[in-house]
Each structure stands twice: as structure tokens, then as C-alpha cells.
Amino acid sequence: MAEPEPGTLAYKFRQNRINAGFTIQRLSAVTGISFTSISKAEQGKLIPRLYNIKLIADALGVPPYIFTEADKMPEETLLQRLDKQRVMQCLSWKELAKNIGVDIADLYKYKQGKKVWPRLIEHIVAWLENN
């Protein structure tokens, strides 16, 4: 397998796996992610879902955000801050809604720029302050 280019997601996966002393087979066994998927991610042929990124990061003992570009995401609006934190923690929108303690439908409305109840904003702000 060719060495992935430094700085790429593929490179980060491979280097962190090697640094943790894992083979692809062992990482696959620990995470439940197929050998093929991990191999393709390390070759840059597949971008794993956030859920799988979190599984890999947890197995390797590294913070999940190192495999994302979340540090480059804008934070000018409340929604941008929320989305950045969601990606940093590798959460789906459904998981985020559960963590915040709000209904996913209300969170989707907010994400789409529709009018939402003020209590939703309060929940979001409180969650962001604690994360």
C-alpha cells in the first residue's frame, strides 16, 4: 500500500493506528469496522461516517476531532458554533439533539433557519457553554 500524503485524513488514520501499535486487523476487531473499510480509509478511497471516526479514535486513544477539519469550521453564528462542536465530538444531528435534550425535529427546523421556540436556543446555548 502506498504511503498516504501527509496532512490527509488517510495519513492521520494510518499514522495514529501505527503509533498506537495496531494492525488494521486488530483495529477492525476492536471497532467492529470492516478491514476493507479501514484499509480504504487509509488509502483515501473512503471517508468514514462520524460514528466510525469516533469508534476509531476511541480505540486508538486519541480525540476524534483530530480526524476532522472541525478546527477550520467557522464559528460566527450560533448554528456554526453548534455544528463545529457536533463535528468535534463526532455526533450525528440525532445524537446531538439527544445530548442537548431537545427534539430532533426542532433541531432540524433550527438548522434550516425556520422559526423555533426560544427554549430551544436556551438549551443550545447551555449545551455549548458546557462543551
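With which residue does Arg-17 form a salt bridge? In this predicted model, the partner of Arg-17 is Glu-42, and the closest N and O atoms of the two lie 2.5 Å apart. The pair links distant parts of the chain, since Arg-17 belongs to helix α1 (residues 9–19) while Glu-42 belongs to helix α3 (residues 35–43), with their positions 25 residues apart. Both partners, Arg-17 and Glu-42, are buried.

This pair can be set beside others, for a search of the whole structure finds six salt bridges. One of them joins Arg-86 to Asp-83, whose side chains meet at 2.8 Å, N to O. Arg-86 and Asp-83 are three residues apart in helix α5 (residues 78–88), and therefore about one helical turn separates them. Arg-86 has a relative accessible area of 11% and counts as buried, because the cut-off for that class is under 20%.

A further salt bridge is formed by Lys-72 and Glu-69, with 3.1 Å between the closest N and O atoms. Here Lys-72 is exposed, its relative accessible area being 61%, whereas Glu-69, at 45% relative accessibility, is partly exposed.

Asp-106, which sits in helix α7 (residues 104–111), is a charged residue without such a partner: Asp-106 is buried yet has no salt bridge. The nearest side chain of opposite charge is that of Lys-109, 4.1 Å away, and this does not count as a salt bridge because the definition asks for a nitrogen within 4 Å of a carboxyl oxygen. When neighbours within four places in sequence are left aside, Asp-106 is in contact with Val-116, Trp-117 and Leu-120.

How values were computed. Residues are numbered from 1 along each chain as its sequence is written. This is a predicted model: local features need pLDDT of at least 70, side-chain atom pairs count only at pLDDT 80 or more; totals for chains, interfaces and linings use all residues. Side-chain values use heavy atoms; hydrogens and water are left out. Helices (H or I, at least four residues) and strands (E, at least two) are DSSP runs, numbered from the N terminus. Buried means under 20% relative accessible area, exposed over 50%, partly exposed in between (1.4 Å probe, protein chains only). Lys and Arg count as positive and Asp and Glu as negative; His and the chain ends are not counted. Contact means heavy atoms within 4.5 Å.
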